[in-house]
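Visitor: I should like to learn how to read helix packing and pockets. Please guide me through one example.

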Amino acid sequence: MDIQAEVVFDLVDLLGVLTNGILGGVVARQLRMDLVGFVVLAIVSGLGGGMLRDTLLQQGFPVALTNPAYLTSALAGALIAYLLVFDSKWTFRALFVADCLSVGCWAATGTVKALGAGLAWPPAILLGVVTAVGGGMIRDIAVGRQPAIFGGNTLYATSALLASALMALLSELGHPTWGMAGAIVLSAVVSVSARRFGWRLPGPANLSPSALRKLRLRPVLGRRTRRE
């Protein structure tokens, strides 16, 4: 990977950390947390996926702890979200586009690091997806929400999976730079298109509203029967 391309990809990487730091701060504002809450959710959102990846790979300290630019970007995101109110559709659109770009970058980075550590394609792609969506998932769990990647979102994890698979393919063919660029573009196109056209993965079959109500009531009825 040439130096200029590496600089561009590093900038996209840090932009993703900053963006997700802001998104973590937005969640903290919604829940009326104090400054500590803003900082914690920003760090988890911006750095959680990469730290989880590096911990699983056991290839030394997580990059987020050795490169001060990452922690600085996450803290900057927390401060921005603390000082500014993001209630405009245009600001959320800008954050969404930046997040879409970072998903592809993180997915590609996680995949190529896993391949470099000697893992095969499937676990490498898995770690690419974990890198891309892990921070948001940990943040949602921390605040007691169902992680967005589990449903109701517009192909967020799917775009990370496609980006990771493309990175794995092109990396094995000897074109890591094209793999990184292609992963970023592919993820952005899929995520933005999914938001624009409302694309979602299909849910389980035969789960009509009445069937869902029955599933929710069944454990309650069972407990009542046992008490009786």
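Visitor: Which element gives the most residues to the lining of the second largest pocket?

Guide: The model is predicted, with local features needing pLDDT of at least 70, side-chain atom pairs counting only at pLDDT 80 or more, and totals for chains, interfaces and linings using all residues. Residues are numbered from 1 along each chain as its sequence is written, and side-chain values use heavy atoms, leaving out hydrogens and water. Helix α2 gives the most, with 7 residues; helices are DSSP runs of H or I, at least four residues, numbered from the N terminus.

Visitor: Which residues are closest to the centre of that pocket?

Guide: They are D13, R53, Y70, T109 and K113, out of 22 lining residues. A pocket is an open set of points on a 1 Å grid over the protein atoms alone, where a 1.4 Å probe fits, with protein on both sides within 12 Å along at least five of seven lines; lining residues have an atom within 4 Å of a point. This one holds about 360 Å³ of space.

Visitor: How are two packed helices described?

Guide: They are described by the angle and the distance between their axes. Here the axes of α2 (residues 35–57) and α5 (residues 89–116) come within 11 Å and cross at roughly 10°. The two helices are therefore roughly parallel, a term for angles under 35 degrees.

Visitor: Which residues of α2 make the contact with α5?

Guide: S45, G46, R53, D54 and L57 of α2 meet W106, T109, G110, K113 and A114 of α5, where contact means heavy atoms within 4.5 Å.

Conventions
Axes fitted to C-alpha atoms, helices over the stretch in contact; angles between N-to-C directions. Parallel < 35°, antiparallel > 145°, perpendicular 65-115°, else oblique. Points joined across faces, edges and corners; volume = space filled by probe spheres on them.
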